[in-house]
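Could you take me through this model one selection at a time, and tell me what I should see at each stop? I have the viewer open and am ready to click along.

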Amino acid sequence: MSDFVILTDSSADLPAGLARQIDVQVLPLAFIIAEHTYCDYPDNRDMDPHAFYDRLRKGEVATTNAVNVAQYTEALEPLLQAGKDVLILAFSSGLSTTYNSSRLAVEELSARYPERKLYTVDTLCASLGQGLLVWYAARERERGHTIEEVRDWVEEHKLNLCHQFTVDDLHFLKRGGRISAATAVVGSMLQIKPVLHVDNEGHLINIGKARGRQASLKALVDRMEDTAIDPGSLTVFISHGDCPEDAQTVADMVKKRFGVQDVVINYVGPVIGAHSGPGTVALFYMGTER
């Protein structure tokens, strides 16, 4: 196996066990509730995700902080000092300044450690879409590819990583400026559920709507049918905002419709969940285009 470290941030929403299994290091981002700052660790040591979403349901507001340059430097320097090369796969620049912080840290540390290989990639992905891209990168490393080959593979394929989202509570999209207040009110009254995706610039974009929850979940799978590459052979990731039954419904749909065998389900973490809210369901897979 090629001996280099893959490092991502916790917006990838990778389960702690899976991150260990594929030997990926995760840099925790921060979120704030009631003026208290928590770290978003994959093992949820600072706050259980169910408790997080319960607090949102009760009206508390969560905000988030991107990783800054100093935090990246602090995480990377011990690895470089230990003689490791590092590939960073960062949260979409269309949604956060995290990638830019990684880029500045790489510039600084590359000058300080010229004998080491240190690269960062703007994944243009979010949640388990980012996590799935990291999973593919770890698989390429396991196959013996060099750090440059894995970096180039990620750059070549990241726009094939499809993200399909729906949300249950339009209030959170309204607060984030994704929809207007009037749209949120009317949509809530009529049980209109938006269908969104992450576009080629890494932004969260509304691409459709469905009447009612079940229709919105089906719309995610319909979109997969339109864009997935050889869906029966794919590994599919699904994340949810404290609605595991709905995530399982989507998993059952993709298994039944496409013969998918491998599905990973995990929470939408606090960094994304603060903006998407409880009841979010997201489906991720490799496709012909986003």
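**Stop 1: a pocket.** Begin with the second largest pocket of this predicted model, which holds about 180 Å³ of space. To bring up its lining, select Ala16, Ala19, Arg20, Val24, Gln25, Val26, Leu27, Pro28, Tyr41, Pro42, Asp43 and Arg45. Now colour the selection by class: 8 of these residues are nonpolar, 1 is polar and 3 are charged. Which elements supply at least two residues each to this lining? They are helix α1 (16-21) and strand β2 (24-27). Of the contributors, β2 gives the most, with 4 residues.

**Stop 2: the loop before α1.** Step back along the chain to Asp13, which sits in the loop between β1 (4-9) and α1. Is Asp13 buried or exposed? Its relative accessibility is 5%, so Asp13 counts as buried, the limit being under 20%. Check the backbone here too: phi of Asp13 is near 60°, a positive value in a residue other than glycine. That is worth a pause, as most residues other than glycine have a negative phi.

**Stop 3: a cavity.** Next, look for enclosed space. How many cavities of 30 Å³ or more are there? The count comes to 1, and about 40 Å³ of space lies in this cavity. Select Phe31, Cys39, Asp40, Tyr41, Asn44, Met47, Pro49 and Pro270 to show what lines the cavity. By class, the lining has 6 nonpolar residues, 1 polar and 1 charged. Keep Tyr41 highlighted for a moment: Tyr41 is on the lining of this cavity and also on that of the pocket from the opening stop.

**Stop 4: the cysteines.** Cys39, one of the cavity-lining residues, has a relative accessibility of 28% and counts as partly exposed. Jump from there to Cys243, which at 8% relative accessibility counts as buried. If you are searching for disulfides, the structure holds 0 of them.

**Stop 5: helix α2.** Pro49, another residue of the cavity lining, leads into helix α2 (residues 49-57). At the start of α2, zoom in on Asp48: one of its side-chain oxygens reaches to within 2.9 Å of the backbone nitrogen of His50. Then select the buried residues of the helix, which are Pro49, Phe52, Tyr53 and Leu56. Why do these four fall on the same side of α2? They cover an arc of only 90° around the axis, which puts them on the same side. The general background is that an α-helix has 3.6 residues a turn, so residues three or four places apart point the same way. Just after α2, click on Gly59, where phi is positive at about 100°.

**Stop 6: helix α5.** Move on to Ser127, which lies in helix α5 (residues 127-142). Although Ser127 is not a glycine, its phi is positive, at about 50°. With a relative accessibility of 0%, Ser127 counts as buried.

**Stop 7: helix α11.** Finish at Gly273, in helix α11 (residues 270-276). Gly273 is buried, with a relative accessible area of 0%. For a last look across the fold, draw a C-alpha to C-alpha distance from Gly273 to Thr120: the two are 25 Å apart in space and 153 residues apart in sequence.

Note on methods. Residues numbered from 1 in each chain as written. Predicted model: local features only at pLDDT ≥ 70, side-chain atom pairs only at ≥ 80, totals over all residues. Heavy atoms only, no water. Buried < 20%, exposed > 50% of the residue type's maximum accessible area, 1.4 Å probe, protein only. Arc of directions from axis to C-beta. Polar contact = N/O pair within 3.5 Å; in protein donor to acceptor, adjacent residues only side chain to side chain. Disulfide = S-S within 2.5 Å. 1 Å grid on protein atoms, 1.4 Å probe; cavity = no way out; pocket = protein on both sides within 12 Å on 5 of 7 lines; lining within 4 Å. Points joined across faces, edges and corners; volume = space filled by probe spheres on them. Nonpolar A, V, L, I, M, F, W, Y, C, P; charged D, E, K, R; others polar.
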